[in-house]
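Me: I am new to this structure and would like a close look at one part of it, the strands and what goes with them. Please take me through it slowly, in plain words.

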Amino acid sequence: MHPASLLFKIHPASLLRGMRLLVPSSIQAIDDKKIIEGDNVTLICNVSGMPTPMVSWMTPDSQRVSGYRLEVTNIDRSQAGEYTCEVSNECGNATETATIDVQYKPENVQLTSSVVDNKACKGEVISFNCSANANPGVTSYQLFENESAILNTSTLGMWGKHLENKGVFVFKCVAKSSLGSAYSTSVTVAVNVPSSLQVIDDKRVIEGDNVTLLCRVSGMPSPMVSWMTPNGQRHSGYMLEVKSINRSQAGEYKCEAINECGNATKTASILVQFKLPVLPWTTKHVREKSSADANPGVASYQLFENETAILNTSVSGMWSKTLESKGEFVYRCVAKIIIGSEYSMSVTVTVNDKPENVQLMSSAMNNKACKGKVISFNCSANANPGVTSYQLFENETAILNTSASGMWNKTLESEGVFVYKCVANNSLGSEFSMSVTVTVNVPSSIVQITQDQNVTEGHNVTLMCNVSGIPLPMVSWMTPDSQHVSGYKLEVTNINRTQAGEYKCEASNECGNAAETANIILLHKPENVQLKTSVMDNKACKGDMIGFNCSAYARPSVTSYQLFENDTAILDADPSGMWKRNVLNGGVFTYKCMANNSLGTEVSPFVMVTVNGFS
């Protein structure tokens, strides 16, 4: 047979015996992870292939870690991102990725407002914006004013608030997510009040008299006040006094009040009247007549007042004289002829006048008094004929009854600045005193104080004390350990139980003091948990009935107790912490109890009981 014609038949099984089967690398899909910051997380890369692939992980910060299992402990947000598992063998490579999403509750909560320098004006609308960092994102924001939630919750953290009241207000906001909540720091806003003026009455005054214009102002801060006179002169202050007024000073007077929240003006007119001479002899005018018999006839007459020639000589012997001064005056006349002269007998005239030197005095010290007090006034004057009555005026309005003695008592029912004067009257006229200004202040009072607070140990608490009074009271807090802390706001941080108790807000000014209290009640989980049994020396006999009593100190109170025997809960939970158990088996048993309240649980030390059997 030709060698080339030889055929060989080889069985396939004999070929497989000398071959190695190779499989390329592959990876099962890896689930993404959501994890709370600070927890631990493990990523597993399930691989297959032949030969067994080499496995490693590539982290988001490009660090390579060998092995199919990657453990990240105490994870933080910088470690969030995409993790890639890479495998390889001689038949091929494969990769799979998994994302770790690191979640955390809101933080870096910031509250900003549209006010400048923490000041705003009553009646304005200001805006607030609350922002925070959180993963998952913030679900809602809430705004607080003086520790009370106001307006609606907002998903955007934005609000507009109309300032309806004056005072100092403390705002903060809270950001909430599914993992928890956090508060911003406080933003204090002082709400001031624009200047305003009461209507000022016009004045009608006689030339030569004194007149006072009062400008009653309000506003916060206290406005700057000035008067503009008809001749363009400016005078500072709420009170304008014009003494011995003349007709050139008549006209419109303008009061202007200015503060940072707005200006206000009011005007008042002064009408100056002037007297015509009074003619009747019984007041200011007297008619004199001199006569004499002579031959030849009298050539001229001359009148004398207190030995001094007055007025012009007269051929008729008649004069009219205005009496400009009061007192006693002696008159006589002389008749002259060519050959001589002759004097008349004297005529005495007593000239009376209206009251003068009118003085008003009050019992107020340094022109200050307190609302609710009674002060006295005393009006006096020189007059001939004597004063028939006195009248007291408050801010140009007659008050109380007329008085023959010039004495009054007045209860101060309103605060403010009041100008008093009195008028003395007799049959010849009236005269006013100089003005007496009395500032009526208001005793201290506490408008609102924070209600009693239930606070968990270690938390922060703020107490607020809103006060009123004129002048503005000094405010301080007295703590349970008798420490004085100045200011209307008291913040206690990281509170412990030694700081619990009664806190007193004290306000004082020159008119009086006021005090109110608020209690801080400290809350904590159960502690000092004790388990007691009815057995003597920790020994009992099989079949005995043993009593157990579990007690603890907690605030709020313990809601339930649970008894454990050899670390297994037995019997029912009980709010009183008392059980009875019939021991049916001999042996050594370890008992403990657990006390629970809304803030947590605590376990007592073990109590070991040996149960002996029958002899």
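Reply: Happy to help. Two strands are said to pair if DSSP finds at least two bridges between them. Please keep in mind that this is a predicted model.

Let us begin with a small sheet. Three strands, in the order S33-S35-S38, make up an open sheet with antiparallel pairing. Strand S33 (353-362) and strand S38 (407-411) are at its edges with a single partner strand each, so one side of each has no neighbour in the sheet. On average, neighbouring strands here are turned by 25° against each other, direction ignored. If you follow strand S35 (residues 374-384), you will find five bridges in its antiparallel pairing with S38. To see one such bridge, look for Ser 376, whose partner in S38 is Asn 409.

Now walk along the chain from S35. A cis peptide bond with omega of about 5° joins Asn 384 to Pro 385, and Pro 385 sits in the loop that runs from S35 to strand S36 (389-394). The loop between S36 and strand S37 (397-403) holds Asn 395. Asn 395 has a positive phi, near 50°, although the residue is not a glycine. Its relative accessible area is 16%, and because buried means under 20%, Asn 395 counts as buried.

Another asparagine makes a useful companion. Asn 306 is in the loop between strand S27 (300-305) and strand S28 (308-314), and has a positive phi of about 50° without being a glycine. With a relative accessible area of 37%, Asn 306 is partly exposed.

A second sheet is worth your time too. Five strands form this open sheet, in the order S18-S25-S24-S21-S22, and the pairing is mixed. Its edge strands, S18 and strand S22 (234-236), each pair on one side only. The twist from one strand to the next averages 25°. Within this sheet, strand S24 (residues 251-259) and strand S25 (residues 262-273) are antiparallel partners over nine bridges, and Ala 257 faces Ala 264 in S25. A cis peptide bond is found between Met 220 and Pro 221, with omega of about 0°. Pro 221 belongs to the loop from strand S20 (217-220) to strand S21 (224-228).

From the edge strand S18 we can step into a pocket. The second largest pocket holds about 580 Å³ of space. Its lining has 24 residues, and the closest to the centre are Val 205, Asp 209, Asn 210, Lys 421 and Phe 432. At least two lining residues come from each of strand S18 (203-206), strand S19 (211-214), strand S23 (239-242) and strand S40 (429-432). S18 gives the most, with four residues. By type, the lining has seven nonpolar, seven polar and ten charged residues.

Let us finish with a single serine. Ser 444 lies in strand S41 (residues 436-449) and is buried, with a relative accessible area of 7%. Which backbone atom of Asn 509 does its side chain reach? The side chain of Ser 444 comes to 3.0 Å from the backbone nitrogen of Asn 509. A polar atom of that side chain is also 2.9 Å from the backbone oxygen of Gly 512.

How values were computed: Residues are numbered from 1 along each chain as its sequence is written. This is a predicted model: local features need pLDDT of at least 70, side-chain atom pairs count only at pLDDT 80 or more; totals for chains, interfaces and linings use all residues. Side-chain values use heavy atoms; hydrogens and water are left out. Axes are lines fitted to C-alpha atoms, for helices over the stretch in contact, and angles run from 0 to 180 degrees between N-to-C directions. On a 1 Å grid over the protein atoms alone, a cavity is a set of points where a 1.4 Å probe fits but cannot get out, and a pocket is an open set with protein on both sides within 12 Å along at least five of seven lines; lining residues have an atom within 4 Å of a point. Grid points are joined across faces, edges and corners, and a volume is the space filled by probe spheres set on the points. Ala, Val, Leu, Ile, Met, Phe, Trp, Tyr, Cys and Pro count as nonpolar, Asp, Glu, Lys and Arg as charged, and the others, Gly among them, as polar. Buried means under 20% relative accessible area, exposed over 50%, partly exposed in between (1.4 Å probe, protein chains only). A polar contact is a pair of N or O atoms within 3.5 Å; within protein, one must be able to donate a hydrogen and the other to accept it, and residues adjacent in sequence count only if both atoms are side-chain atoms.
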